[in-house]
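Here is a short briefing on how helices pack in this model. Look at the sequence and structure first, then read the points below.

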Amino acid sequence: MICPYCGFEDQEVLNTRITYKGFANWRRRKCLECGGVFTTHEFINLTYIKVIKKSGIVRIYSRARLFSGIFVAFRNIKHMDSGDAAMSAEIVTSEIEKVLIGKKINKISTHELALITAGILAKKNYTAFINYGSYFFAPEVFKRLLVNRGRHN
Ligand SMILES: [Zn+2]
């Protein structure tokens with residue numbers, strides 16, 4: 001790892017947190033040269049998964065793309081700080097990736113991916129789930145999802 005401040009290659013690891021049973025972890029690092037502190041995240045690379053859009057267009061799975069939709073769902077919650085929204089979106093994105101890894105698939109439709117996302121969001125934050133669902137699903141599809149899920153969590 002190269003220090004983003006000075007380019008030095010050696011750091012002391014201040015803190016490591018492994019999340020989601022080892023599927024993602026982050027490290028706080030302190031540069032041994034300049035003392036700069038920074039955080040690194042490690043994720044499993046899922047770019048072997050193809051995401052198939054409704055139009056038939058195939059894209060390589062992108063964590064950033066998945067994250068951005070989830071981030072917006074959190075960010076649009078009233079009084080939600082964008083840092084907190086990013087943190088929550090990071091957690092949800094990692095949980096989705098864990099599901100994708102567990103499925104042992106190499107392709108998925110955008111609709112199925114959105115269903116997985118909505119399912120996890122519904123358990124984490126109901127408002128984020130509503131925000132996400134009303135954006136990513138056709139109204140009648142989302143209405144059905146809401147009815148199936150109930151309003152208890
Ligand atoms: Zn440095």
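Two residues are in contact here if their C-beta atoms, placed from the backbone, lie within 7 Å. The model is predicted. Two helix pairs are covered: helix 3 with helix 4, and helix 1 with helix 2.

**Helix 3 and helix 4**

- Helix 3 spans residues 110–124, and helix 4 spans residues 126–136.
- Their axes come within 6 Å and cross at roughly 155°.
- Angles over 145 degrees count as roughly antiparallel, so helix 3 and helix 4 are roughly antiparallel to each other.
- The crossing of this pair is left-handed.
- Helix 3 contributes Ala 114, Thr 117, Ala 118, Leu 121, Ala 122 and Lys 124 to the contact.
- Helix 4 meets them with Tyr 126, Ala 128, Phe 129, Tyr 132, Gly 133 and Phe 136.
- By class, the contact of helix 3 with helix 4 holds nine nonpolar, two polar and one charged residues.

**Helix 1 and helix 2**

- Helix 1 covers residues 63–75, and helix 2 covers residues 82–103.
- The two axes come within 8 Å, with a crossing angle of roughly 130°.
- That angle makes helix 1 oblique to helix 2.
- Helix 1 passes helix 2 in a right-handed crossing.
- On helix 1, the contact is made by Arg 63, Leu 66, Phe 67, Ile 70, Phe 71, Phe 74 and Arg 75.
- On helix 2, Ser 82, Ala 85, Ala 86, Ser 88, Ala 89, Val 92, Thr 93 and Ile 96 take part.
- The residues of the contact of helix 1 with helix 2 divide into 10 nonpolar, three polar and two charged.

Terms used: Residues are numbered from 1 along each chain as its sequence is written. This is a predicted model: local features need pLDDT of at least 70, side-chain atom pairs count only at pLDDT 80 or more; totals for chains, interfaces and linings use all residues. Axes are lines fitted to C-alpha atoms, for helices over the stretch in contact, and angles run from 0 to 180 degrees between N-to-C directions. Helices (H or I, at least four residues) and strands (E, at least two) are DSSP runs, numbered from the N terminus. Angles under 35 degrees count as roughly parallel, over 145 as roughly antiparallel, 65 to 115 as roughly perpendicular and the rest as oblique. A crossing is left-handed if the near helix is turned anticlockwise from the far one by less than a right angle, and right-handed if clockwise. Ala, Val, Leu, Ile, Met, Phe, Trp, Tyr, Cys and Pro count as nonpolar, Asp, Glu, Lys and Arg as charged, and the others, Gly among them, as polar.
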